[in-house]
Amino acid sequence: MMLNQTMVFLILGMIIPIVVGTFPGNRKLSDLHEQEIKLRLKQLNKPAIKSIYMRPKSNSIRDKTGGNKTYIIHQLWRTKGECPENTIPIRRTTRDDLIRSGSIKNYGRKSPPPTIYHTDGVQTEEVHEHTCVYVDYGQFHGSKSRISIWKPNVLRTREFSLAQTWVVNGDWDTGLNTLESGWQILHALYGDKNPRLFAYWTGDTYQETGCYNLDCPGFVQVSRHISLGAALNAFSTYNGEQYDFLLTIEKDQETGLWWLKFETYLIGYWPSFIVPKLAVSARKIVWGGEIVYYSRGQGTHTLTQMGSGHFAEKGFRKAAYFNSLEYIDTSNYPITPSPQHLEATVTRPECYNLMVGSSQRWGTYFFYGGPGRNPQCP
């Protein structure tokens with residue numbers, strides 16, 4: 001299904017509204033709050049900067065292609081034009097983005113675990129559900145996979161549903177370092193419920209460092225064709241057309257930079273110094289889906305869906321999938337893990353599940369997802 005959406009972009013070096021949308025901007029706020037919003041917007045909508053590395057030095061990253069596809073996934077803003085040479089597209093942060101997020105200071109960041117709120121005398125807990133496969137206790141220079149795109153129902157503004165890759169070292173107790181990318185639906189951050197390409201990083205278990213996309217210093221974008229945080233132009237439908245994209249995260253052996261690649265487009269890189277435990281290699285590669293919801297007391301499970309909103313056993317054209325799974329070894333050679341060598345995490349199989357398989361066409365793959373609350377998941 002094709003998407004239709006209005007977006008605003010900041011082009012690096014020039015503020016150019018490619019398409020101007022309408023936003024509700026008449027909410028009454030204190031003068032102090034308005035000053036905080038203006039200051040934060042200046043920090044987020046940054047002026048022009050120069051990138052040191054425009055291309056990987058390693059030919060192994062530069063020369064790989066995304067395969068032959070009859071339909072190429074792009075982003076909605078590309079229907080209105082392209083950025084000039086030596087500029088990049090940046091999704092512009094608005095006043096309403098900050099208000100909707102609920103936190104000016106922590107806009108564009110995940111909540112550190114565990115997250116518990118107390119409102120109206122009732123305890124509210126942020127709950128994460130996962131259906132993932134992974135390889136662990138190795139030395140990895142990255143990951144490749146094809147990720148199907150869907151538009152699951154996400155019930156509330158601050159809840160999200162995503163499909164992504166995690167490149168990981170460290171642990172929760174001593175400091176988790178991750179590089180993450182895929183697609184997500186997060187109304188609190190983007191203002192709508194369209195699937196969007198995103199990136200994230202943390203150098204300290206989501207405590208003080210890291211952010212989505214370009215919302216803090218860290219990820220360095222070099223592509224003028226792809227915008228982090230921008231909506232994808234197509235998504236799969238039940239028993240209908242299926243859309244996916246190739247996502248690669250790979251370490252450049254010469255520079256130590258971790259490059260992010262969408263199909264054949266090199267988007268940019270994370271410098272190793274922001275994730276010091278990934279300076280040499282990753283210990284763990286994870287592929288899968290995640291949802292977040294907020295539980296009040298002994299309340300019911302959310303109706304927020306993962307993947308297509310259908311369980312893995314529904315199979316192709318009905319369930320979401322990852323295929324062509326590969327991890328990249330320290331020689332920067334891609335290796336397909338066998339299903340028997342993958343470990344799995346499924347937090348609530350009665351709500352969301354997965355099924356792993358392999359074939360000549362898809363390599364190692366898995367279907368995943370689910371509807372959330374149902375008779376077996378009250």
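How much space lies in the largest cavity of this protein? About 100 Å³. The model you're looking at is predicted, and a search through the whole structure turns up two cavities of 30 Å³ or more.

**The largest cavity**

Let's stay with that cavity for a moment. Its lining includes Ile 90, Arg 91, Thr 93 and Tyr 107, along with Leu 189, Tyr 190, Asn 213 and Asp 215. Two elements give two or more residues to the lining: strand S2 (89–91) and helix H4 (187–190). Sorted by class, the lining has six nonpolar, three polar and two charged residues.

**The whole protein**

Stepping back, you'll find four helices and 19 strands. The protein has 378 residues, and 56% of them count as buried. About 17100 Å² is exposed, with carbon and sulfur atoms supplying 51% of that area. If you take contacts between residues at least 6 apart in sequence, 75% join residues at least 24 apart.

**Strand S12 and its neighbours**

Now for a good strand to click on: S12, residues 258–262. Five of its five residues are buried. Both of its faces are covered, with Trp 258, Leu 260 and Phe 262 on one side and Trp 259 and Lys 261 on the other.

Which strands pair with S12? One is S11 (residues 244–251), which is antiparallel to S12 and joined to it over five bridges. Here Lys 251 stands opposite Trp 258. The hairpin of S11 and S12 has six residues between the strands, and Gly 256 in this hairpin takes a positive phi near 80 degrees.

The other is S13 (residues 265–270), which also runs antiparallel to S12 and is joined to it by five bridges. In this pair, Leu 260 of S12 sits opposite Gly 268 of S13. S12 and S13 make a hairpin too, with two residues between them, and Glu 263 in the turn has a positive phi of about 50 degrees.

**Residues with a positive phi**

Why would you stop to look at a positive phi? Because most residues other than glycine have a negative one. Besides Glu 263 in its turn, you can look up Asn 213 and Arg 317. Here they are side by side:

| Residue | Phi | Loop | Relative accessible area |
|---|---|---|---|
| Asn 213 | near 55 degrees | between S9 (211–212) and S10 (220–221) | 6% |
| Arg 317 | near 70 degrees | between S14 (284–296) and S15 (320–328) | 35% |

Is Asn 213 buried or exposed? With a relative accessible area of 6%, Asn 213 falls under the 20% cut-off, so it counts as buried. Asn 213 is also one of the residues that line the largest cavity. Arg 317, at 35%, is partly exposed.

**One more loop residue**

Finally, have a look at Ser 223, in the loop between S10 and S11. Ser 223 is buried, because its relative accessible area is just 5%, under the 20% cut-off. What does Ser 223 touch, leaving aside residues up to four places away in sequence? Its contacts are Ile 88, Pro 89, Leu 266 and Ile 267. Two of those names link back to elements you've already met: Pro 89 falls in S2 (89–91), and Leu 266 falls in S13 (265–270).

How values were computed: Residues numbered from 1 in each chain as written. Predicted model: local features only at pLDDT ≥ 70, side-chain atom pairs only at ≥ 80, totals over all residues. Heavy atoms only, no water. Buried < 20%, exposed > 50% of the residue type's maximum accessible area, 1.4 Å probe, protein only. Pairing = 2+ DSSP bridges. Contact = heavy atoms within 4.5 Å. Areas by Shrake-Rupley, 256 points an atom, 1.4 Å probe, with all protein chains shown as cover. 1 Å grid on protein atoms, 1.4 Å probe; cavity = no way out; pocket = protein on both sides within 12 Å on 5 of 7 lines; lining within 4 Å. Points joined across faces, edges and corners; volume = space filled by probe spheres on them. Nonpolar A, V, L, I, M, F, W, Y, C, P; charged D, E, K, R; others polar.
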